[in-house]
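Let's take a walk through this fold, starting with one helix and working outwards from there. Keep the viewer open as you read.

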Amino acid sequence: MTSPTSESEATLTLAIVNDGDVVRGRQAVRDLAVSAKLSLVDQTKLVTATSELARNTLVYGGGGELRASIVSEGGRQGVEVEFIDDGPGIPDLDLALTDGWTSGSGLGLGLSGAKRLVEDFEVDSAPGRGTRVRIVKWKR
């Protein structure tokens, strides 16, 4: 799969180190989704996925960063968001993507729920080297 090209010259980068950063990240991604002319339903799906993944970055990754931009590929436009941390990593990615599984006290819908809300979903993680999650929501 080829990577989409960034339509804007700059990628929005936000540190995620506290709950307020999760809120700021959601709002920034919503603003990009509006700029990309995503439908209200798709804006809501992207913001929900962003909220889940930003919270995971904070709680399980010990904090990190969110990078977001408007992207285009093959004549379509969307919003790409990456969540990067240097935390402990995910020891069993298949298990972590299973509905209902949780390593904490949550509902176990974070990764699998976020995956269902977007068209492109990639996770790169291993014990001891942190986690990178990349999502893209495309305009329909």
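**Starting from helix 2**

Helix 2 runs for 20 residues and spans 28 Å from its first C-alpha to its last, close to the 28 Å expected at 1.5 Å a residue. Bear in mind as you look that this is a predicted model.

Now zoom out for a moment. The chain has four helices and six strands, and reading along the sequence you meet them in the pattern β-β-α-α-β-β-α-α-β-β. Of the 140 residues in the chain, 45% count as buried. If you take the contacts with a separation of 6 or more, 64% of them come from residues 24 or more positions apart.

Back to helix 2. Its buried residues are Asp42, Gln43, Leu46, Val47, Ala49, Thr50, Ser51, Leu53, Ala54, Asn56, Thr57 and Leu58. What do the buried residues of helix 2 pack against? Their partners are strand 2, helix 1, strand 3, strand 4, helix 4 and strand 6.

Two threonines from this helix are worth a click. Thr50, in helix 2, has a relative accessible area of 0%, so it counts as buried. Setting aside neighbours within four places in sequence, Thr50 contacts Gly25, Arg26, Val29, Leu66, Val81, Phe83 and Ile135. Thr48 also sits in helix 2, but its relative accessibility is 35%, so Thr48 counts as partly exposed. Arg30 makes a handy reference point for both. From Thr50, Arg30 is 20 residues away in sequence and 9.3 Å away in space, C-alpha to C-alpha. From Thr48, Arg30 is 18 residues away along the chain, with 9.8 Å between the C-alpha atoms.

Next, have a look at helix 1, where you'll find Val23. Val23 has a relative accessible area of 42%, which means it is partly exposed. Its C-alpha atom is 9.5 Å from that of Arg55, though the two residues are 32 apart along the chain. Between helix 1 and helix 2 there is a loop that holds Lys37. The phi angle of Lys37 is near 65 degrees, a positive value in a residue other than glycine. Lys37 counts as exposed because its relative accessibility is 58%.

**Into the core**

Which residues have the most contacts inside the largest nonpolar core? They are Leu46, Val81, Phe83 and Ile135, in a core of 29 residues. The elements that give two or more residues to this core are strand 2 (12-16), helix 1 (19-35), helix 2 (40-59), strand 3 (64-73), strand 4 (76-85), helix 4 (110-117), strand 5 and strand 6 (131-138).

Ile135 is a good place to stop and look around. Apart from neighbours within four places in sequence, Ile135 is in contact with Leu46, Ala49, Thr50, Leu53, Val79, Glu80, Val81, Phe83, Val118, Asp120 and Phe121. Thr50 turns up again in that list, and Ile135 is likewise among the contacts of Thr50.

**Helix 4 and strand 5**

In helix 4, the buried residues include Gly110, Leu111, Ser112, Gly113 and Ala114. The cover over the buried residues of this helix includes helix 2, helix 3 (93-96), strand 5 and strand 6. Pick out Ser112 in helix 4: its relative accessible area is 4%, so Ser112 is buried. Not counting residues up to four places away in sequence, Ser112 touches Leu97, Thr98 and Asp99.

Another serine to look at is Ser125, which lies in strand 5 (residues 120-125). At 15% relative accessibility, which is under the 20% cut-off, Ser125 counts as buried. Where does the side chain of Ser125 reach at 2.7 Å? It reaches the backbone nitrogen of Ile90. The side chain of Ser125 also makes a polar contact of 2.7 Å with the side chain of Thr131. With neighbours within four places left out, the contacts of Ser125 are Gly89, Ile90, Gly130 and Thr131.

**A last look at the rings**

If you go hunting for aromatic pairs, the structure holds zero of them. There is an arginine over a ring, though: Arg76 lies over the face of Trp138, 3.9 Å from the ring centre.

Methods:
Residues are numbered from 1 along each chain as its sequence is written. This is a predicted model: local features need pLDDT of at least 70, side-chain atom pairs count only at pLDDT 80 or more; totals for chains, interfaces and linings use all residues. Side-chain values use heavy atoms; hydrogens and water are left out. Rings of Phe, Tyr and Trp (its six-membered ring) pair if their centres lie within 6.5 Å; planes under 30 degrees apart count as stacked, over 60 as edge-to-face and the rest as tilted. A charge sits over a ring if NZ of Lys or CZ of Arg is within 6 Å of the ring centre and within 35 degrees of the ring normal. Buried means under 20% relative accessible area, exposed over 50%, partly exposed in between (1.4 Å probe, protein chains only). A polar contact is a pair of N or O atoms within 3.5 Å; within protein, one must be able to donate a hydrogen and the other to accept it, and residues adjacent in sequence count only if both atoms are side-chain atoms. Contact means heavy atoms within 4.5 Å. A nonpolar core is a set of buried Ala, Val, Leu, Ile, Met, Phe, Trp, Tyr and Cys residues joined through side-chain atoms within 4.5 Å. The expected span of a helix is 1.5 Å times one less than its number of residues.
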